[in-house]
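Subject: Handing over the two-chain structure

Dear colleague,

I am passing on the structure we spoke about, so that you can open it and follow along as you read. Below it I have set out what was found, one topic at a time.

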Amino acid sequence: MAEKLKLEVVTPKGAVVSKEVDIVTAPGYGGEFGVLANHAPFLSTIKTGVLTYKTGAQEETLMVSGGFCEVSNNKLTFLVESAERGADIDVERAMRSKERAEKRLAEAQAQKEKFDRARAEAALQRALSRLKVAERHKPS
Amino acid sequence: MPSLKDVKTKIGGVKKTSQITKAMNMVAAAKLRGAQQKMEDFRSYAEKFNAAMGNLSSAMDSGAFPLMEKREVKTVEILVVTSDRGLCGSFNSNILKMTEKLIARLEGEGKKVTLVCVGKKSASYFRKTGKVRQRYLDLMGTFQMFNARAIAQDIAGNFLTGESDEVRIVYGKFKSVAVQRPAEQMFLPIQPDAVAATEATSSAAGAYIYEPSTEEIMEVLLPLYMNVMVYHAMLEVSASEHAARMSAMDNATNACKDIIHSLTLIYNKARQAGITAELMDIVGGAEALK
């Protein structure tokens, strides 16, 4: 295998991941982006979504919410507000919060409440990413 | 001389008190461990965050952001972070004293002062001054990042609308288990100098690609930076609070022991005096019968 990347995912509650990986795919500001070894120095904001990293044939996914990431010298650091592994995600709870968020969103849209709408959208986004991560986790 | 029964009740009471203080000491010790752990976990995040901020602020032309804008200071907002509960020695009163001094100094310079209180102790202390703009109670101990975010957003909003021109934080800094000191820190406007302190170490990495532009990243990062600062202050205060309570309760338990000791002496003396008096009575009575 070629050179590796050092991936670190850090949240206010401590480091979640710290290991050598081959490739990382993350939800960036302008859409998904992938990082391989020897990437140019790079700094981007991160949206709520799914973070995937691969070591050899082993692929793992994480749900991350808002923050930013920094790439330099084959070191990839994610500073996010929260990060959850597929195994830790409570699918039922995520389902419920998805439904709740959808309902709120519909209500907010009806009343044209900008603030509530943004909040509901963020909640929906989180719930959806959680579900996605949980789903990918299941088959393995 | 107090009666035997009085002294005995008193000893019992003091014993109960020492049981309570001892229990509180142990609870505080356990909570302190939790709070320290939280601080430890947060440290790596904060360090990396500061490094990235340093990188960024060296790359961009500062001064273009409303949160960094320096204005003529007319109103100063002070964010006072204390604990929710008392019985932790002089910890809270030290913070409050420092705040009082700061207020006096600022008002001496002809500036208006408003307060944002986190923690019941500061809120109740400043309640009657009429300076309190906002209060956040019952957050300590269970607080999460989003509590800090709510506070940071509130303060930033106030700053951006021009209600306040400068924001400072006063909180209790955790030096060690034995030492906690009140500390004051500039909060807003965010100063690039303070931010860029770590810049020298990481700027060697070369020019970064920024996505989106540096300005837009900054717009996301600056509010986050505020969250980090508020959260950090809250973590420090909660760790300090437990450490202060631990030593205060330890002192109280020791004081209880001393009191019990001296009360026991009094009790024994009174008991002996009683026995002697009784013996005298008996001897006296036997004498009289002869």
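Among contacts in chain B between residues at least 6 apart in sequence, what percentage join residues at least 24 apart? The answer is 81%, and in chain A the corresponding share, for contacts with a separation of 6 or more, is 53%. Please keep in mind throughout that this is a predicted model, and that the values below were computed from it.

The two chains

Chain B contains seven helices and six strands, and if you read along its sequence you will meet them in the pattern α-β-α-β-α-β-α-β-β-α-α-β-α. Chain A has two helices and eight strands, and from the N terminus on its elements run β-β-β-β-β-β-β-β-α-α.

The C-alpha trace of chain B spans about 115 × 45 × 25 Å along its principal axes, while that of chain A spans about 55 × 30 × 25 Å. For chain B it is useful to set this beside the radius of gyration, which is 28 Å, whereas a compact globule of 290 residues would have one near 19 Å. Of the 290 residues in chain B, 33% are buried, and of the 140 residues in chain A, 34% are buried.

Domains

Chain B is divided into domain 1, which takes in residues 4-25 together with 248-285, and domain 2, which covers 31-245; the C-alpha centres of these two domains of chain B lie 49 Å apart. In chain A, the assignment gives domain 1 as residues 5-86 and domain 2 as residues 90-137, with 23 Å between their centres, taken over C-alpha atoms.

Within chain A, nine residues of domain 1 are in contact with ten residues of domain 2. On the domain 1 side of this contact, β6 (49-55) and β7 (58-72) of chain A each supply at least two residues, and the largest share, four residues, comes from β7(A). The residues on that side of domain 1 of chain A divide into three nonpolar, five polar and one charged.

Where the chains meet

Between the chains, 21 residues of chain B are in contact with 22 residues of chain A. The elements that give two or more residues to the chain B side are α1 (4-59), β6 (209-211) and α7 (214-289) of chain B, and the largest share, eight residues, comes from α1(B). When the residues on this side of chain B are sorted by character, 16 are nonpolar, two are polar and three are charged.

Strands also pair across the boundary, for three bridges join strand β5 (residues 42-46) of chain A to β6(B), and these two strands run parallel. If you would like a place to find this pairing on the screen, look for Phe42(A), which stands opposite Ile209(B) in β6(B).

Inside chain B

A second pairing to look at is the one between strand β4 (residues 166-174) and strand β5 (residues 180-188) of chain B, which is antiparallel and extends over eight bridges. A hairpin of five residues joins β4(B) to β5(B), and one of the bridges can be found where Ile169(B) has Gln185(B) in β5(B) as its partner.

The largest nonpolar core has 93 residues, and those with the most contacts inside it are Leu79(B), Val80(B), Val81(B), Val230(B) and Met234(B). The element that gives the most to this core is α7(B), with 20 residues.

Finally, it may help to follow a single residue, Leu115(B), which lies in strand β2 (residues 112-118) of chain B. Why does Leu115(B) count as buried? A residue is called buried if 20 or more other C-beta atoms lie within 10 Å of its own, and Leu115(B) is buried because it has 23 other C-beta atoms within 10 Å. Not counting residues up to four places away in sequence, Leu115(B) touches Ile78(B), Val80(B), Phe126(B), Lys131(B), Val132(B) and Arg133(B). By contrast with these contacts, Met145(B) is 30 residues from Leu115(B) in sequence and 21 Å from Leu115(B) in space, C-alpha to C-alpha.

With best wishes

Key
Residues numbered from 1 in each chain as written. Chains lettered and ligands numbered in written order. Predicted model: local features only at pLDDT ≥ 70, side-chain atom pairs only at ≥ 80, totals over all residues. Contact = placed C-beta atoms within 7 Å. Nonpolar A, V, L, I, M, F, W, Y, C, P; charged D, E, K, R; others polar. Pairing = 2+ DSSP bridges. Domains from an automatic or database assignment. Core = buried A, V, L, I, M, F, W, Y, C linked by C-beta atoms within 7 Å. Buried ≥ 20, exposed ≤ 12 C-beta atoms within 10 Å, placed from the backbone. Rg over C-alpha atoms; globule rule 2.2 N^0.38 Å.
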